[in-house]
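Open the model in your viewer and switch to a cartoon view. Follow the stops below in order.

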Amino acid sequence: MSTSPMQMSEARRFQQLRSHLSYLKLNDAAEALNRVLDQARAERMSLTAALERLLEIEVEATEARRLAARLRFACLPEPWTLNDFDFAAQPGVDEKLIRDLATLRFLDDASNVLFVGPPGVGKTMLSVALGRAAVEAGHRVYFTTAAALAAKCHKAALEGRWKTCMNFFAGPKLLIIDELGYLPLPEDGASALFQVINQRYLKSSTILTTNVGIADWAGAFGDATVAAAMLDRLLHRAAVAGIDGPSYRLRGHQNQAESIRAGVNARVS
């Protein structure tokens, strides 16, 4: 069966178009080209509509890759979102405040957020949910515990990489420091934490979770001067969410145990 010059021309043009897309590293558009052309033919799409659909596929794929890269960098410990948080189960949380924080307006003026309360009340989950929202909005986010931050700074100082380390922590639009006060910081830990917060002051936002009441920071960190300076910068522009309700984590474990028991009882009966 012979191929007409026009068919040969169209086939060559198709291959050349794929080649152009690949050369420009529009690989997802190149892969979708055949499908989009078939769709355009079947739906009688205009040339403009077909091109828009082809480029939309490339844009969506690029955004998905960028989101995945931001999530990898963020190091969030869980994929929690605000929809995962049961406000009814934790009456100690100011839901109106959290919903307002979820708009991410606090990032616009480099405000901070402090979650203060005993272990298990949902501080980490809320901070991760806000971090996830910021990542999805296109911001660079980084999550760390206070102990890990202090250890990284200490190692950097020993290896002569202090400035590089400080630049790293200054970079993200949102830095989440979890579990401040849960473990004792090394001798230079409070100083390192202060320097990280100081260089982010009025430039970028920090979310900090702690089980230590603000009035007790001086005693908890062993240096009243550093604690006061740290609080001065953190609280200058900040939303403080004190959570004094029951253990959110314990309630979750209890609900899970009840579900397991119900399942066992159902099988037995």
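Select glutamate 179 first; it lies in strand β3. This is a predicted model. Check the backbone angles here: phi of glutamate 179 is positive, about 65°, although the residue is not a glycine. Most residues other than glycine have a negative phi. Is glutamate 179 buried, exposed or partly exposed? Its relative accessibility is 33%, so it counts as partly exposed, between the 20% and 50% cut-offs.

Now show the whole of strand β3, residues 174–180. Add strand β4, residues 205–210. The two run parallel and are joined by five bridges. To see one pairing, pick leucine 175: its bridge partner in β4 is threonine 206.

Next, turn to helix α7, residues 146–158. The helix packs on the sheet and touches β2 and β3. Its direction makes about 95° with that of β2.

Zoom out to the sheet. In what order do the five strands lie? The order is β2-β3-β4-β1-β5, in an open sheet with parallel pairing. Colour the edge strands: β2 covers 141–145 and β5 covers 238–242, and each pairs on one side only. On average, neighbouring strands are turned by 10° against each other, direction ignored.

Last stop: leucine 202. Find it in the loop between α9 (189–200) and β4. Leucine 202 also has a positive phi, near 65°, and is a residue other than glycine. Its relative accessible area is 40%, so leucine 202 is partly exposed.

Terms used: Residues numbered from 1 in each chain as written. Predicted model: local features only at pLDDT ≥ 70, side-chain atom pairs only at ≥ 80, totals over all residues. Heavy atoms only, no water. Pairing = 2+ DSSP bridges. Helix = DSSP H or I, 4+ residues; strand = E, 2+ residues; numbered from the N terminus. Axes fitted to C-alpha atoms, helices over the stretch in contact; angles between N-to-C directions. Contact = heavy atoms within 4.5 Å. Buried < 20%, exposed > 50% of the residue type's maximum accessible area, 1.4 Å probe, protein only.
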